[in-house]
Amino acid sequence: MSVILTLLAALIASGACAYHRSSLRTWAIVTIVATLVVGLLAHAPWTTAILLIVELAIALPLLLVDFRRKQISLPLLKLFATVTPKLSETEQTALEAGTVGFEGELFSGKPDWHELLKQPKPELSVEEQAFMDGPVEELCGMIDDWQITHELADLPPNVWDFIKRNRFFGMIIPKQYGGLQFSALAHSAVLQKLNSMSATVASTVAVPNSLGPAELLLHYGSDEQKNHYLPRLAVGEEIPCFALTGPYAGSDATSIPDVGIVCRQVVDGIETLGIKLTFDKRYITLAPIATVVGLAFRMYDPEHLLGDKEDLGITLALLPRSTPGLEIGRRHFPLNIPFQNGPIRGKGVFAPLSVLIGGPQMAGHGWRMLVECLSVGRAISLPSNATGGMRASALATGAYARMRKQFGLAVARFEGVEEALARIGGLTYATAALSRATAAAVDRGEKPAVPSAIAKYHATEWARQIAADTMDVHGGKAVQLGPKNYAGRGWSAVPIAITVEGANIMTRSLMIFGQGAIRCHPYVLKEMQALSIADRGEQLKTFDRLLFGHIGFGISNAVRSFAMGLSGARLGETAGDAYTRRYYRKLDRYSAALALCADVFMGVLGGKLKFKEKLSARLGDVLSYLYIASSMLKQYEDNGRPEADRPFLAWGFHECMWLIQNALDGAIRNFPVRPVAWLLRALVFPLGRREVPPSDRLGRRVAALLTAPNEALDRLTDWVYTTPTPNNTIGRMKALLPDVIAAEPVDRKFGKALKSGQFKSHDYLGQLAEAQQAGVISEAEADLLRRVREGVFEFISVDDFDSDELRAFKTRADAA
């Protein structure tokens, strides 16, 4: 027993130091003292002596810095240099572009929650709120999505004029150039509200404020280019598009075959130094109506007119539509969501060097420019549009489920519908928090490369799930297209968002963990950068410090993961109140598990991990759900910890924990080195998989919040256009919902009397009149039932058409 006690004392002391990330010196002192004291008290002198010898044998070589560097770190440095995969120029650029925010804490295994909670609450300024209440509200009132999507396949002229006149295209442009200079949060809010009415309008507004000429000019343009283009872009005098994707290069933008050859050519009698461009682009939003085209191409200088380098790399240019040889083709038709979209081509198009964004000195820097700007645009445009659609779906589906009856009951009371409503409410809450967090990161000056990929992927994927649930709950109502259908076009739009700005499969399997593992890890990128230090002594010194910091980091995460797994994440100091403290502890546990698994996977598989996309995707999922859960907790704190929101928070949080557990389990179960996988499972899941998905009881509470007016629903559906105008069915449904709820007890009383057989009439209005005459219901109650039945009938009705109305304006035969 004395031997066991002494061993336990040494292990507990070492474990405690690792758990709290004590220094190497502190670890040695604490462990030796614990061994000595307990060993003597337990009367185990031989065991104590042996343990002390072992501990000193480990500690002394590590504490003698010069010895450690020469005998341990130097051989490992040489090995590290040989096994570390060499990054391509494009990979290096992608890794160095952007910044690391709180997602780095989530990769640390020990997040500093106070860093998250002290971030200022994202709020609209007075000017931005006035824009939301004024021009955005007015624009939503003008939108007839059936007219846009079916009749015109375009925005009507009055909507185009209103968008330009009110500078919707200039939200990111500074005021000095005539723009609105809005925050990223305001940009997000505008897109969410517009998307609650029309995906076509929202997409049209999003593109000029996302990856496009305006943002590229702001960051990299010359003063001459800014002064010329930005004022025109702000007021819609110029309509921009950006041409990146082509038939042979989509997500792999670095392999674009489009070229520009530096050459001289006589223009208007003057010999001009420029580029001769050949390109073929497609899927370019706003291309059919664009007046200025941003173009990505690979630039070559075979005659060395600019310098010694022939292949200058990816370069960006701005071409006026009037450029001779520039051809804008006919429109694409993306799934009946007819935002302007089409191909752009050119062969031997000559343009002066002044068209290069930033001038000739920015030639070859296009990939970095794209990566940095794309991370900001991806953080706002697609997550915001997805969130706006999800918020509108939550409001509409909750109201419809309360109004629509089957078997004498509101369909909201059916458990199958309740399950769908719970998903809609919980995932909308999570996505709104995610969208808000990434916008706030941009407003803090970050370039959130990893969070933007997380936001783009999960917002659009969850939008797909909610669109499916919305269709299921509405049934035939959502299937029959027409002016009364507010759900069908949203269903059509979902795949578009999933494919653009980095297809979702690629985003999940390559980008999230691929960038996050190196960018967010506290040591890996620094260790790789240490290899480039020219001074050998400084290189060894830096590598030694990072190496043993990394080793301690890994041991700490193993101990933390195991200890928190054993305790069910019930121990330790953390943030939050009595309700949320348990949530922060769970995040602590899975942050340690992610850091541990990432280290082991990278250490064992090395460069091969890059090709193990399914493993990378699962670890990326863990990082994503940690980030989303953190965003929900921050949103909950920023809103003043409202008790009414707890069902939404709890559902979203437990869903994230369930998904994290499944992702970790899948990654470990499929890890190819089985003994390592067995050890990881013991450290990550010492008591097995204990997380469960949100309970039916919790789902019932979430569904109840969606089907009745309340403050939590108001917050959930913020930035949805709810004015009950003739063009806004969802707004009118919301306005009727209180009457529907008030009518329910009256309807039950009337139904009971109806079943008794005391009425002779066979039509509803006649039966109401008899019930009123018999004193079963009052006159006011009869009026309420009539009003509700009439209102509900409008919302459950569907459209019908003459065949000629559905015939396209021109058939293929007519066109021929």
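Reader: Is Phe795 buried or exposed?

Author: In this predicted model, Phe795 counts as buried, because its relative accessibility is 3% and the limit for a buried residue is under 20%. Phe795 is placed in helix α31, residues 779-796.

Reader: Which residues does Phe795 touch, leaving aside those up to four places away in sequence?

Author: Phe795 touches Tyr400, Met403, Lys477, Thr729, Arg732, Met733 and Leu736. One of these, Thr729, belongs to helix α29, which covers residues 729-755. As a further point of reference, the C-alpha atoms of Phe795 and Leu230 are 45 Å apart in space, with the two positions 565 residues apart in sequence.

Reader: How should one read the direction of side chains along a helix?

Author: An α-helix has 3.6 residues a turn, so residues three or four places apart point the same way. In the present case, Thr729, Arg732, Met733 and Leu736 are among the contacts of Phe795.

Reader: What is the span of helix α29 between its end C-alpha atoms?

Author: Helix α29 spans only 33 Å, whereas a straight helix of 27 residues would span 39 Å at 1.5 Å a residue. A kink of about 35° is found at Glu744, shortly before the proline Pro745. Just after α29, Gly757 adopts a positive phi of about 80°.

Reader: Where does Asp544 lie, and what does Asp544 touch?

Author: Asp544 is part of helix α22, residues 536-567. With a relative accessible area of 1%, Asp544 is buried. Residues up to four places away in sequence being left out, Asp544 is in contact with Arg68, Arg69 and Ser73.

Reader: Which residues of strand β1 lie on each of its faces?

Author: Strand β1, residues 240-243, has Pro240 and Phe242 on one side and Cys241 and Ala243 on the other; all four are buried, and both faces are thus covered. Strand β1 runs parallel to strand β4, residues 292-300, and four bridges join them. Within β4, Leu295 is the bridge partner of Ala243.

Reader: How many helices and strands does the protein have, and what is its radius of gyration?

Author: The protein has 33 helices and nine strands. Its radius of gyration is 31 Å, close to the 28 Å given by the globule rule for 816 residues, so the protein is as compact as a globular protein of that length. Along the principal axes, its C-alpha atoms fill a box of roughly 100 × 90 × 50 Å.

Reader: What share of the residues is buried?

Author: Buried residues make up 56% of the 816. Of the contacts with a separation of 6 or more, 76% join residues 24 or more positions apart. The protein exposes about 35700 Å², of which carbon and sulfur atoms supply 56%.

Technical notes: Residues are numbered from 1 along each chain as its sequence is written. This is a predicted model: local features need pLDDT of at least 70, side-chain atom pairs count only at pLDDT 80 or more; totals for chains, interfaces and linings use all residues. Side-chain values use heavy atoms; hydrogens and water are left out. Helices (H or I, at least four residues) and strands (E, at least two) are DSSP runs, numbered from the N terminus. The expected span of a helix is 1.5 Å times one less than its number of residues. The bend at a residue is the angle between axes fitted to the seven residues ending there and the seven starting there. Buried means under 20% relative accessible area, exposed over 50%, partly exposed in between (1.4 Å probe, protein chains only). Two strands pair if DSSP finds at least two bridges between them. The radius of gyration is taken over C-alpha atoms; the globule rule is 2.2 Å times the number of residues to the power 0.38. Contact means heavy atoms within 4.5 Å. Accessible areas come from the Shrake-Rupley method with a 1.4 Å probe; for residues, only the protein chains shown count as cover.
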